[in-house]
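This report takes up two strand regions and a pair of cysteines. Please keep the structure open while reading.

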Amino acid sequence: MTETTPREFHNPLLVPLHEKQTLPWLLARRVERFPDHTLIERKIAFGSKWQRITSTRFADHVHQVAAGLIALGINKGDCVGIMAHTSYEWMLMDFAIATVGAISVPIYETSSAEQIEWMLADCDIAMVLTETHAMAQLVKSATDRNDLQIFSVQRDGISQIIAAGSKVSDLQVHERTDQVRSSDVMTIIYTSGTTGHPKGVELSHQNFVGLALNGVEWMPELLKTKRSRVLLFLPLAHVFARLIQILPVAEEGVIGHSPDTTNLLEDLAAFRPSYVLAVPRVFEKIYNAADAKAGGGVKLRLFRWAAKVAIEYSRALDTDAGPTRGLQAQHALADKLVHHKLRDLFAGAKYAVSGGGPLGDRLGHFYRGIGLQILEGYGLTESTAPLSVNTPAVNKVGTVGPPVAGSSVRVDEVGEIQVKGPWIFQRYHNNEQATREAFVDGWFHTGDVGSIDEDGYVKITGRRKELIVTAGGKNVAPTVLEDRLRGHPLVSQVMVVGEGKPFIAALVTLDAEMLPVWLKNHGLPQMDVAQAAKDPQVLAALDRAVTRTNKAVSRAESIRKIAVLPTDFTEANGLLTPSMKIRRNPIADRFAGTIEELYAS
């Protein structure tokens, strides 16, 4: 860190906070301001038509479900689980739970019985709404409690809840809503838990609603326009998607849900969002798929030339002189031949919000160069998603933006990012020790390492606990290497190793979806992942990718050897978290022999 780099930076609130700012208050505010405007477009099953639902109609539906929850004995402060793909029903149940002062507990639809058992017991869940009957049976198998109420959308669970509330008066619902305060816990979100049991992060109504109101003013180009439309496809069990779902309610936006990503391109084309949100892996996959689709020969050279022009053009935008006339001409030609086809995949969206991991300079400049501005952000469950985020007004590619309105960020003497502000959680549920360890003098210790530039823009270099110290004493941030190497079309996942070892190495898994296309483009016979992991030409291509990756670091930090595994890291085999982060300790344990072989000579 240079002497001119501030160690602390603060952005003030844009909208003041008050105790009535709750989720039901936010919906009532939307109804008052835009009663007949479309709030949600809901895809009708077995078709491509989208049903428009106004603010008033959605609020009425929420009210009916809330009445049912009261009739079924859900009291203020009770926990209610939601286990479903991203959907209208998820949003409906979430708002209804908040309306009666209860606490929603998201459960990933991929969660195991053991994980569900932990959540049911840790916060004493009183009711669970699942998407399918199979999910309901899984929840039932995870506990021996007879008092747990379980409903499934597939078996008309929403209708059953509404029917139960037929005798609950409007006054009873309103009385319950009036008791809710902004400081009340709105949700408990369990972190992915790369080690041990996941921790339940308690987030209040103020965390979400106050941040949504300030977020609208923070990014008016996205959120404060009549054309603001977002299609959600990321899991609503994750805090990132959850906040994005609430943002349209704070202004005049429209939201849609795409529960099945196999239909995502069709849904994007039908819905026509003005902005999208995704994790970096989605943007990597789109780039790699376009590269693979180009095949070989002239088409491949054309695509890679157009990609190079896009990156150079974007980089030139950050200079005082800007793009030269020659580069502008190349850019216009590249746009006519290639770029517009990639933009069409996003169905007219001008912006994309990326979070959940580092995007990298190359992809950031590539997408901005083709006309899709990716606003990279950074945050944690504990910070109600965005701790910092780039804005359309000033987007510094390669950073995760300045702290959002109301937040303060600082970097300590060892480079750890620390934060405080109204969007930071108050405590871990039933875990006072973890809460005490997370805060020092009111600052939340994120565990991430990075820096802050002279304008307050944050840059993340890795996790403090994940830093590798080699036998030579060199500190290495593995994520820089992992993110770059994962950008190769053949690569699915990467885990860098080398703690206490003489050099850095990596475990690499192959992308089963991209492998057949890559083999065809390179004139190689088809083979499965296990065969490809031993194929000389596949290994040679990965060695070249490692060489390119190493250009980003010093020789002491570079990858010297790799081991290509015959299987991938997945959530099913316990090597990925639900938010697609690698579980380093389980991977190291499972492939301990392979790691030792890397250093055997």
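L507 stands opposite A563 in strand β26. The model behind this report is predicted. Strand β25 spans residues 504-510 and pairs with β26 in the parallel sense, over 5 bridges.

These two strands belong to an open sheet of 3 strands, ordered β24-β25-β26, with mixed pairing. Its edges are β24 (491-497) and β26 (559-564), each of which pairs on one side only. From one strand to the next, the twist averages 25°. A helix lies across this sheet. Helix α20, residues 536-550, lies across β24, β25 and β26. Helix α20 runs at about 145° to β26.

The second region centres on strand β4. Strand β4 covers residues 79-83, and 5 of its 5 residues are buried, so the strand is largely enclosed by the rest of the structure. In a regular strand, side chains alternate between the two faces of the sheet. In β4, C79, G81 and M83 point one way. V80 and I82 point the other way. Both sets are buried.

What does β4 pair with? Strands β5 and β6 are among the answers, as the table shows.

| Partner of β4 | Residues | Sense | Bridges | A bridge pair |
|---|---|---|---|---|
| β5 | 103-106 | parallel | 4 bridges | C79 with I103 |
| β6 | 125-130 | parallel | 5 bridges | G81 with V128 |

A helix also links into this arrangement. Helix α3, residues 88-99, joins β4 and β5 in a β-α-β unit. The unit is right-handed.

C79 brings up the cysteines. How many disulfides does a search of the whole structure find? The search finds 0. C79 is in no disulfide, and the nearest cysteine sulfur, that of C123, is 4.1 Å away. C123 is likewise in no disulfide, and its nearest cysteine sulfur is that of C79. The cut-off for a disulfide is sulfur atoms within 2.5 Å, so a separation of 4.1 Å does not qualify.

Are these two cysteines buried or exposed? C79 is buried, with a relative accessible area of 5%. C123 also counts as buried, at 5% relative accessibility. Buried here means under 20% relative accessible area, so both cysteines fall in that class.

C79 thus recurs in several roles. C79 is a buried residue of β4, the bridge partner of I103 in β5, and a cysteine whose nearest cysteine sulfur is that of C123.

Terms used: Residues numbered from 1 in each chain as written. Predicted model: local features only at pLDDT ≥ 70, side-chain atom pairs only at ≥ 80, totals over all residues. Heavy atoms only, no water. Buried < 20%, exposed > 50% of the residue type's maximum accessible area, 1.4 Å probe, protein only. Pairing = 2+ DSSP bridges. Right-handed = clockwise from strand over helix to strand, strands pointing away. Axes fitted to C-alpha atoms, helices over the stretch in contact; angles between N-to-C directions. Contact = heavy atoms within 4.5 Å.
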